[in-house]
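Trainee: I have a structure open and don't know where to start. Can you go through it with me?

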Amino acid sequence: MSDTATIPMAPLTGVIAYLNLEGASDASAFYQRAFGAREVFRMPAEDGDRLLHCHVEINGGPLMFSDCFPEMGVARQASDSHTLHLVVDDIDAWWRRAVDAGCEITMPLAVQFWGDRFGKLSDPFGVNWSLSAPDSADDTGSADDTGSAGDAG
């Protein structure tokens with residue numbers, strides 16, 4: 001018999017972002033509200049307050065994170081040099097949900113020179129996000145500087 005936890009899931013491949021956050025459990029709940037994340041697995045730390053590991057799935061892709069453990073050499077690292085990027089189908093709905101959940105707009109949603117609607121956000125845990133979707137000629141909604149789509153009513 002082994003003391004090692006077995007995680008029942010298919011093997012993952014490719015590059016997977018792994019973040020060290022302050023408040024990983026709260027981050028999981030936030031990502032569920034802001035980005036429609038589905039929590040796949042969590043492993044609580046022995047202190048009962050932090051997470052050793054959390055795996056969520058957002059828009060079909062995995063994201064993993066844990067709390068910081070400075071006593072084990074895992075300190076908080078600023079995320080200024082990286083951004084988590086989501087390519088989505090209905091960018092207005094994704095954008096509105098993230099902003100309504102508490103993301104801060106750092107670059108308003110707009111059509112960019114490469115043809116996508118694109119914008120950048122920062123979440124309450126200091127993680128930078130960008131969202132994009134191909135612009136379509138028959139798209140009737142457009143986001144303004146507040147992050148809200150045109151008249152919803």
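Mentor: We will go from the whole chain to the core, then the pocket, then a few single residues. Keep in mind that this is a predicted model.

Trainee: OK. How many helices and strands does the chain have?

Mentor: The chain has 2 helices and 8 strands. Along the sequence they come in the pattern β-α-β-β-β-β-α-β-β-β.

Trainee: And what percentage of the residues are buried?

Mentor: Of the 153 residues in the chain, 36% are buried. The accessible surface is about 8,900 Å², and carbon and sulfur atoms make up 51% of that surface.

Trainee: What share of the contacts joins residues 24 or more positions apart?

Mentor: Take the contacts with a separation of 6 or more. Residues 24 or more positions apart account for 53% of those.

Trainee: Now the core. How many residues are in the largest nonpolar core?

Mentor: The largest nonpolar core has 30 residues. Those with the most contacts inside the core are Y31, F35, I58, L63, F65 and W129.

Trainee: Which elements give two or more residues to this core?

Mentor: Both helices and several strands are on the list: β1 (18–21), α1 (24–35), β3 (51–58), β4 (61–67), β5 (84–87), α2 (91–101) and β8 (128–134). The largest share comes from α1, with 6 residues.

Trainee: Pick one of those residues. What does I58 touch?

Mentor: Leaving out residues up to four places away in sequence, I58 touches Y31, F35, A37, L63, L86, W94 and W129.

Trainee: L63 is in that list. Where does L63 lie, and is it buried or exposed?

Mentor: L63 lies in strand β4. Its relative accessible area is 5%, under the 20% cut-off, so L63 counts as buried.

Trainee: And what does L63 touch?

Mentor: With residues up to four places away left out again, L63 touches A17, L19, Y31, C54, H55, V56, I58, L84 and W129. Besides those contacts, the C-alpha atoms of L63 and A37 are separated by 9.2 Å, with their positions 26 residues apart along the chain as the separation.

Trainee: Let's switch to pockets. How much space lies in the largest pocket?

Mentor: About 190 Å³. The residues that line the pocket are V15, I16, A17, I58, N59, G61, P62, L63, L84, H85, L86 and W129. The elements that give two or more residues to this lining are β4 and β5.

Trainee: How many of the lining residues are nonpolar, polar or charged?

Mentor: The lining has 9 nonpolar residues, 3 polar ones and no charged ones. I58, L63 and W129 turn up here, and they were also among the core residues with the most contacts.

Trainee: N59 is in the lining too. Where does N59 lie?

Mentor: N59 lies in the loop between β3 and β4. Its relative accessibility is 41%, which falls between 20% and 50%, so N59 counts as partly exposed.

Trainee: What is the phi of N59?

Mentor: N59 has a positive phi of about 55°, although it is not a glycine. Most residues other than glycine have a negative phi.

Trainee: W94 came up with I58. Is W94 buried or exposed?

Mentor: W94 is buried, with a relative accessible area of 11%. Its place is in helix α2. Apart from residues up to four places away, W94 touches A34, F35, I58, N59, L86, V88, D89 and L131.

Trainee: Now something else. Is D26 buried or exposed?

Mentor: D26 has 55% relative accessibility, over the 50% cut-off, so it counts as exposed. D26 lies in helix α1. D26 and F125 are 99 residues apart in sequence, and their C-alpha atoms are 9.1 Å apart in space.

Trainee: And S122, where is that found?

Mentor: S122 is found in strand β7, residues 116–122. S122 is buried, with a relative accessible area of 15%. Outside the residues up to four places away, S122 touches C103, E104, T106, V127 and N128.

Trainee: Last one. Where is Q112 found, and what is it in contact with?

Mentor: Q112 is found in the loop between β6 (104–111) and β7. Not counting neighbours within four places in sequence, Q112 is in contact with M107 and F118. At 18% relative accessibility, Q112 counts as buried.

Note on methods: Residues numbered from 1 in each chain as written. Predicted model: local features only at pLDDT ≥ 70, side-chain atom pairs only at ≥ 80, totals over all residues. Heavy atoms only, no water. Helix = DSSP H or I, 4+ residues; strand = E, 2+ residues; numbered from the N terminus. Buried < 20%, exposed > 50% of the residue type's maximum accessible area, 1.4 Å probe, protein only. Contact = heavy atoms within 4.5 Å. Areas by Shrake-Rupley, 256 points an atom, 1.4 Å probe, with all protein chains shown as cover. Core = buried A, V, L, I, M, F, W, Y, C linked by side-chain atoms within 4.5 Å. 1 Å grid on protein atoms, 1.4 Å probe; cavity = no way out; pocket = protein on both sides within 12 Å on 5 of 7 lines; lining within 4 Å. Points joined across faces, edges and corners; volume = space filled by probe spheres on them. Nonpolar A, V, L, I, M, F, W, Y, C, P; charged D, E, K, R; others polar.
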